[in-house]
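Student: Please pick one part of this model and go through it closely. I would like to know what surrounds it and what it touches.

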Amino acid sequence: MKKLTFSQKCYKLLKKIPKGKVSTYKWIAEKLNTKAYQAVGNAIHKNKNLMIIPCYKVINNNGCLGGYSKGINKKIKLLKNEGIEIKNNKIDLKKYEWFSG
DNA sequence: TCGAATGACAGCG
DNA sequence: CGCTGTCATTCGA
């Protein structure tokens, strides 16, 4: 097991998100066995892997989109492109949240 | 509604 | 080289 940093682990997990599904910061942080929810956002924010990591699939626990380096508008577009319907800048977690630990 | 907590990175001295 | 502030959040009182 290589010693990956928090960010690295974060990216790996994000890449595991299937198409048409989304994930929350909380979900990721818990999977990483940590409580640094912000660290997840931080790792993605600084994102050096924005091109290989679907950060647009990561949203708040409230179903809010949260944010996106390239712009929240872009995020919405990408999500809709996957078949995810967005209402009032929010996502139906009940329908799209990824449950596959 | 507000503050604390948690992890990595950038900037400053 | 070491410390502080920041970041797209979340939980508890």
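Tutor: What follows is a close look at one helix, its two sides and its surroundings. This is a predicted model, in which local features need pLDDT of at least 70 and side-chain atom pairs count only at pLDDT 80 or more, while totals for chains, interfaces and linings use all residues. Residues are numbered from 1 along each chain as its sequence is written, chains are lettered from A and ligands numbered from 1 in the order in which they are written, and side-chain values use heavy atoms, without hydrogens and water.

The part is helix 3, which covers 37-45 (helices are DSSP runs of H or I with at least four residues, strands are E runs with at least two, both numbered from the N terminus).

Start with the inward side. Val40, Ala43 and Ile44 are the buried residues of helix 3 (buried is under 20% relative accessible area, exposed over 50%, partly exposed in between, with a 1.4 Å probe and protein chains only). Because these residues cover an arc of only 95° around the axis, they sit on the same side of helix 3 (the arc is taken from the directions between the helix axis and the C-beta atoms). This buried set packs against helix 1, helix 2 and strand 2 (contact is heavy atoms within 4.5 Å). On the face of helix 3 turned away from the buried side are the exposed residues Gln38 and His45.

Ile44 also belongs to the largest nonpolar core, which has 30 residues (a core is buried Ala, Val, Leu, Ile, Met, Phe, Trp, Tyr and Cys residues joined through side-chain atoms within 4.5 Å). Ile44 is among the members that touch the most others, together with Leu14, Val22, Ile28, Leu79 and Ile91. Helix 1, helix 2, helix 3, strand 2 (58-59), helix 4 (72-81) and helix 5 (93-96) each give two or more residues to this core.

Next comes DNA strand B. The residues around DNA strand B are Phe6, Ser7, Thr34, Lys35, Ala36, Gln38, Ala39 and Asn42 (near is a heavy atom within 4 Å). Of the atoms of DNA strand B that come within 4 Å of the protein, 57% are sugar and phosphate. Helix 1 (6-15) and helix 3 each supply at least two residues of this surface, and the largest share, three residues, comes from helix 3.

DNA strand C has 14 residues around it, and Tyr25, Lys26, Asn42, Ile44 and Asn61 come nearest. Sugar or phosphate makes up 50% of the atoms of DNA strand C within 4 Å of the protein, and the rest belong to bases. The backbone of histidine 45 has a polar atom 3.1 Å from a base nitrogen of DNA strand C. In asparagine 61, a polar backbone atom is 2.3 Å from a phosphate oxygen of that strand. Helix 2 (25-31) and helix 3 are the elements that give two or more residues to the surface near DNA strand C; helix 3 gives the most, six residues.

One residue of helix 3 deserves a separate word: asparagine 42. An N or O atom in its side chain is 2.6 Å from a base nitrogen of DNA strand B. A polar side-chain atom of asparagine 42 also lies 3.3 Å from a base oxygen of DNA strand C. Asparagine 42 counts as partly exposed because its relative accessibility is 37%. From lysine 94, asparagine 42 is 52 residues away in sequence and 25 Å away in space, C-alpha to C-alpha.

Notes
A polar contact is a pair of N or O atoms within 3.5 Å; within protein, one must be able to donate a hydrogen and the other to accept it, and residues adjacent in sequence count only if both atoms are side-chain atoms.
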